[in-house]
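Open the model in your viewer and keep the selection panel at hand. We will go from stop to stop.

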Amino acid sequence: MPRLTPADASLILDHVVGDPSTPAAAANALLAELPFPSRPTRRLLRSVLLRRLGSDPVSPAALDTLQLLASLPTPAPAIAAAHLAVAAFLAASAPDFDAAAGALFARPDGRARRAVDEGGDPALVSPEAVAVADQFEAAVGNAFSQSVLRGLWGGRAAAEERVRELLVAEWAAIGPSQLEVAAERIVGDGAVETWRAAEESIRAKYRMLAGEERAREILSRLEEPTSNVNPISTPEVHKVLDALKSSCADLHSAVEDPLPAAKAAADEVLAARMDKAVDINAEEVNNQAASCSAAAGPSALNNQGEASRKGTLSSLMDWNSTARTFQWEDSLDPEGSRSQSHIPHLPSPRRNQVSPLQLADNKAKRRRARKWSSVEEETLRKGVDQFGSSNWKDILIHNPDVFIGRTAVDLKDKWRNMMR
DNA sequence: TATTGGGCTAACT
DNA sequence: AGTTAGCCCAATA
């Protein structure tokens, strides 16, 4: 067995840690075991930050993580709201408001001030954020303003909700792993061009990776343009070719595809290494590969024509749209929820100056229904086994990386549905 | 505050 | 029109 090279370790970490359905315990064990790449992929870097944020969503450390996340390319729009909510909560909930608000929002060097003011990170800079920073700055030494700001921003749950919304959006947009991209090139939709450019010796390797059935499919598509002009393409030749193809197909239908079994074996090895059993079966892994990126992963080829694939892809759409559902319902526009409901917006300065009491009028908007993934269902089953069917909160907090955006009531409702 | 059962609604068949 | 999954609400302990 060859030694694991740093490049291999990087591929594995990129693929597994970057997969949102990989449980925290498994991701952490892998991160502890394998050398962390000196030049990690963006996906790996992002997923490590997201996992850190998920385990500690509202704290000074979380503010650091948010600022790091904002500096990565194309952060989710929700990051501005999450960053502002965490910073404002830290100031509003501090025992010493003046000290905390000053350290965070005072010009020019407050931690949050530097991030949201001109020259800060573009993902965090906005007039709204600056307005809030101004309010906190101005409230230093002003007891009345402080009490107003405490009412507006002092709720940990609200700040955490903003962070959770960000996590959902970020995980949904994390994109395919390097392995998935490579697999897509070799066996996915882009395979024909890759194979066309490859020499015979390289194609032989591709055949091993793709499996014979898929390899024949790709090669047949590759040969199509030339076979049309083949001078010996006669009806007799076609007859023989068809006979060959069908006998070949018979042969292959009798031989089991080794890939799913290999995946299952790999999962077992992984599970055995975890303190906590992580027995995701091969089918689950397939689902995850499809749901963590729009590109067909290496395993997609084993499931071609499977009807459920469509369901998985549509749930991916749900996931995305949910990721952009913001519950910051302070819009003064009575029709604001119609067309731009997916565009995050921060509380306007104007809105922030009214009494917190008026917030009571705001009715929370219904969350968009998001289909439960098979990983969530499986985790719920195990949770009920472990904690019983009336400890939803326990199940939830022991699986924060799986139940992203779910509440204890959601778990209860899902269980009720599963028991029907 | 967590759990619970009834009720609502969008998305299906 | 009927069914279902996911979510919300309000009562309860």
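The tour below visits a helix, two loops, an arginine and two DNA strands in a predicted model.

**Stop 1: helix H6**

Select residues 97–105, which form helix H6. Which of its residues are buried? They are Phe 97, Ala 100, Ala 101, Leu 104 and Phe 105. Now look down the axis of H6. The buried residues fall within an arc of 95 degrees, so they line one face of the helix.

Next, show what that face packs against. The partners of the buried residues are helix H4 (60–71), helix H5 (78–92), helix H7 (111–116), helix H8 (127–139) and helix H9 (143–153).

Then go to the N-terminal end of H6. Asp 96 caps it. A side-chain oxygen of Asp 96 lies 3.3 Å from the backbone nitrogen of Asp 98.

**Stop 2: two loops**

Follow the chain from H6 towards H7. The loop between them holds Pro 108. Select Arg 107 together with Pro 108: a cis peptide bond joins the two, with omega at about -5 degrees.

Now select Thr 74, in the loop between H4 and H5. Its phi is positive, about 45 degrees, although Thr 74 is not a glycine. Is Thr 74 buried or exposed? Thr 74 is exposed, because its relative accessible area is 71%, and the cut-off for exposed is over 50%.

Why pause at these two places? Most residues other than glycine have a negative phi, and most peptide bonds are trans.

**Stop 3: Arg 162**

Move to helix H10, residues 156–172, and pick out Arg 162. This arginine is buried, with a relative accessible area of 10%. Show its side chain. What does it touch? The side chain of Arg 162 makes a polar contact with the side chain of Glu 165, at 3.2 Å.

**Stop 4: DNA strand B**

Display DNA strand B and the residues around it. Among them are Arg 366, Trp 392, Val 409, Lys 412 and Arg 416. Colour this surface by class: 3 residues are nonpolar, 3 polar and 5 charged.

Which helices each supply at least two residues here? Helix H22 (392–398) and helix H23 (408–419) do. H23 gives the largest share, 5 residues.

Now zoom in on the atoms. A polar backbone atom of Ser 390 is 3.2 Å from a phosphate oxygen of strand B. A backbone N or O atom of Lys 393 lies 3.1 Å from a phosphate oxygen of the strand. For a base, turn to Arg 366: an N or O atom in its side chain is 3.5 Å from a base oxygen of strand B. Of the strand B atoms within 4 Å of the protein, 44% belong to sugar or phosphate, and the rest to bases.

**Stop 5: DNA strand C**

Finish with DNA strand C. There are 14 residues around it, and Arg 366, Arg 367, Trp 372, Asp 413 and Lys 414 come nearest. The classes here are 3 nonpolar, 1 polar and 10 charged residues.

Keep Arg 366 selected. An N or O atom in its side chain is 2.3 Å from a base nitrogen of strand C. Add Asn 417, where a polar side-chain atom lies 3.4 Å from a base nitrogen of the strand. Then add Lys 414: an N or O atom in its side chain is 2.7 Å from a phosphate oxygen of strand C. Of the strand C atoms within 4 Å of the protein, 61% belong to sugar or phosphate, and the rest to bases.

Note on methods
Residues are numbered from 1 along each chain as its sequence is written. Chains are lettered from A and ligands numbered from 1 in the order in which they are written. This is a predicted model: local features need pLDDT of at least 70, side-chain atom pairs count only at pLDDT 80 or more; totals for chains, interfaces and linings use all residues. Side-chain values use heavy atoms; hydrogens and water are left out. Buried means under 20% relative accessible area, exposed over 50%, partly exposed in between (1.4 Å probe, protein chains only). Helices (H or I, at least four residues) and strands (E, at least two) are DSSP runs, numbered from the N terminus. The arc is that of the directions from the helix axis to the C-beta atoms. Contact means heavy atoms within 4.5 Å. A polar contact is a pair of N or O atoms within 3.5 Å; within protein, one must be able to donate a hydrogen and the other to accept it, and residues adjacent in sequence count only if both atoms are side-chain atoms. A residue is near a molecule or strand if one of its heavy atoms lies within 4 Å of it. Ala, Val, Leu, Ile, Met, Phe, Trp, Tyr, Cys and Pro count as nonpolar, Asp, Glu, Lys and Arg as charged, and the others, Gly among them, as polar.
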